[in-house]
Amino acid sequence: MTRRTAIVVGAGIGGLATALALARAGWDVRVLERAAGLGEVGAGLTLSPNALRALHWLGLADRLAPILSLPPYQISEDPLTGAETGRLVRGARAIEQYGVPYAFVHRADLHATLAQGLQRLNPTAIALDTAVSSVSAGADGASVTTSAGDTLEAALVIGADGLRSSVRAALLGSQTARYTGFVAWRALLDYAQAPAGTLPAGSAVTFGPGRCFVRYRLEPRQQLNCVAFAREPDWPEEDWSVPADPEVPARLFDDWHPALSALLRAAPEGRCYKWGLFDRDPIPTYAYGHLALLGDAAHPMLPFLGQGAALALEDAVVLARALGAEPDVAVALQRYDRARQPRGTAAQLESRAAGLRLHGEGESPRQVNEETLDYFAYDPAGVAI
């Protein structure tokens with residue numbers, strides 16, 4: 001084992017970003033992914049300015065340009081009439097104010113860009129079909145044991161394996177994620193499949209008691225990403241994402257303005273999925289000697305601030321910077337933890353509050369949102385570590 005070896009558990013957005021950051025700094029990185037293939041679900045995600053700063057620091061600015069959708073503004077709508085009730089300027093103002101844009105991207109496009117960036121530096125970095133069953137840390141390093149019985153050692157092990165993280169469970173014990181009472185249905189439509197008058201100029205959010213609907217353009221793919229949220233008392237499914245009949249959420253929105261249910265009914269077969277929304281309570285630390293947690297393994301959060309992927313990307317940059325500034329891995333992870341745990345905890349709690357606001361409980365989302373909470377101004381490349 002050499003001093004600059006790392007194992008990243010999980011090849012999602014946070015795991016690949018971390019592996020890329022470390023590989024760019026000369027680390028020998030291995031990514032262990034339980035799935036048999038790389039891929040991301042067909043859905044969009046938000047890249048707010050803080051996320052774009054992280055991706056630029058990773059050297060991906062030029063490769064991102066062709067896959068990003070830059071909305072000119074985001075509108076809020078009256079749930080019954082569809083009339084505009086508020087507007088947030090995004091495009092030119094975001095670049096002017098923050099130096100980088102506010103964007104949307106297809107998850108698979110971002111995931112592929114990160115994977116390709118890593119594989120250009122190390123073509124064999126990613127090991128698929130490799131689940132981790134246990135982890136342990138010593139004075140000079142850490143190790144993982146795979147479900148196949150192999151033990152792998154490194155100076156650093158990073159758990160980036162999501163809400164149901166096996167690394168987190170090994171460190172903190174098995175804890176059942178909490179069902180929040182919200183279900184999300186996600187549908188992806190080609191522009192040609194969207195009924196007349198349903199395409200927003202950029203993005204649109206409609207919210208009211210017990211329900212919320214978000215839709216935005218993915219221009220490079222000429223697709224519209226739609227997400228419908230509603231309160232449901234139970235989540236009976238074994239999985240947290242399953243194929244769905246779009247007629248079910250369409251009925252829930254039949255009494256709102258007709259564009260919403262029309263979009264859901266227009267969703268093609270195989271492009272609608274439902275998620276039960278789960279989260280966990282904040283934890284006091286993300287650093288455990290030569291082991292660290294990152295992304296949803298550290299701070300799983302609800303999607304109502306649009307900051308889940310952004311914070312995972314921030315984690316990756318701050319972790320790499322801490323390791324570059326401090327040669328002692330355990331001390332570097334403490335610096336990472338001090339920089340990230342307060343922000344991760346705040347985002348978890350604020351995303352819960354945002355979910356209540358968007359479903360008609362609490363303050364108006366026009367008064368409190370991810371921009372007024374100052375998420376966009378954060379710079380993971382410059383924050384003190």
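Let's start with how helices H1 and H5 cross: the crossing is left-handed. Please keep in mind that this is a predicted model. H1 covers residues 13-24, and its axis comes within 9 Å of the axis of H5, at a crossing angle of roughly 25°. Angles under 35 degrees count as roughly parallel, and that makes H1 roughly parallel to H5.

Which residues of H1 and H5 meet? On the H1 side we have Ile13, Leu16, Ala17, Ala19, Leu20, Ala23 and Arg24. On the H5 side, their partners are Arg107, Leu110, His111, Leu114, Ala115, Gly117, Leu118 and Leu121. Sorted by class, the residues in this contact are 11 nonpolar, 2 polar and 2 charged.

Let's zoom in on one of them. Leu16 sits in helix H1. Is Leu16 buried or exposed? Its relative accessible area is 0%, so Leu16 is buried. If we set aside neighbours within four places in sequence, Leu16 is in contact with Gly10, Ala11, His111, Leu114, Ala115, Leu118 and Ile126. Here is a nice pair to find on your screen: Leu16 and Gly117 are 101 residues apart along the chain, and their C-alpha atoms are separated by 9.0 Å.

Now the partner helix, H5, which runs over residues 107-121. We can do a small check on H5 together. With 15 residues at 1.5 Å a residue, H5 should span 21 Å; the C-alpha atoms at its ends are 22 Å apart, which agrees. The buried residues in H5 are Asp109, Leu110, His111, Thr113, Leu114, Ala115, Gly117 and Leu118.

Let's move on to a second helix pair, H9 and H10. H9 is residues 308-325 and H10 is residues 329-358. Their axes are 8 Å apart, and the two helices pack at an angle of about 155°. What does that angle make H9 and H10 relative to each other? Angles over 145 degrees count as roughly antiparallel, and therefore H9 and H10 are roughly antiparallel to each other. Their crossing is right-handed.

From H9, the residues in this contact are Leu311, Glu314, Asp315, Val318, Leu319, Ala322, Leu323 and Ala325. From H10, they include Val329, Ala332, Leu333, Tyr336 and Arg343. By class, the H9 and H10 contact has 12 nonpolar, 1 polar and 5 charged residues.

How many of the residues of H9 are buried? The count is 15 of its 18 residues, so this helix is mostly covered. The length check works here too: 18 residues at 1.5 Å each should span 26 Å, and the end C-alpha atoms of H9 are 26 Å apart, which agrees.

Next, let's leave the helices and look at a strand residue. Gln74 is in strand E4, residues 73-77. With a relative accessibility of 17%, Gln74 counts as buried, because the cut-off for buried is under 20%. Beyond its neighbours within four places in sequence, Gln74 is in contact with Gly86, Arg87, Leu88, Arg90, Tyr102, Ser203 and Val205.

Now for the loops. Where is Asp129? You will find it in the loop between strand E7, residues 126-127, and strand E8, residues 132-137. At 60% relative accessibility, Asp129 counts as exposed. Its contacts, leaving aside neighbours within four places in sequence, are Glu33, Arg34, Ala35 and Ala36. Asp129 and Asp190 are 61 residues apart along the chain, with 32 Å between their C-alpha atoms.

Asp129 also has a backbone feature to look at. Most residues other than glycine have a negative phi. Phi of Asp129, though, is near 55°, a positive value. Gln222 also has a positive phi, near 55°. Gln222 lies in the loop between strand E14, residues 211-218, and E15, and at 42% relative accessibility it counts as partly exposed.

One last stop: Glu237, in the loop between strand E15, residues 223-231, and strand E16, residues 241-243. Its relative accessible area is 31%, so Glu237 is partly exposed. Not counting residues up to four places away in sequence, Glu237 touches Val242 and Lys274. From Glu237 to Leu80 the distance is 31 Å, C-alpha to C-alpha, and the two are 157 residues apart in sequence.

Key. Residues numbered from 1 in each chain as written. Predicted model: local features only at pLDDT ≥ 70, side-chain atom pairs only at ≥ 80, totals over all residues. Heavy atoms only, no water. Helix = DSSP H or I, 4+ residues; strand = E, 2+ residues; numbered from the N terminus. Expected span 1.5 Å × (residues − 1). Buried < 20%, exposed > 50% of the residue type's maximum accessible area, 1.4 Å probe, protein only. Axes fitted to C-alpha atoms, helices over the stretch in contact; angles between N-to-C directions. Parallel < 35°, antiparallel > 145°, perpendicular 65-115°, else oblique. Left-handed = near helix turned anticlockwise from the far one by under 90°. Contact = heavy atoms within 4.5 Å. Nonpolar A, V, L, I, M, F, W, Y, C, P; charged D, E, K, R; others polar.
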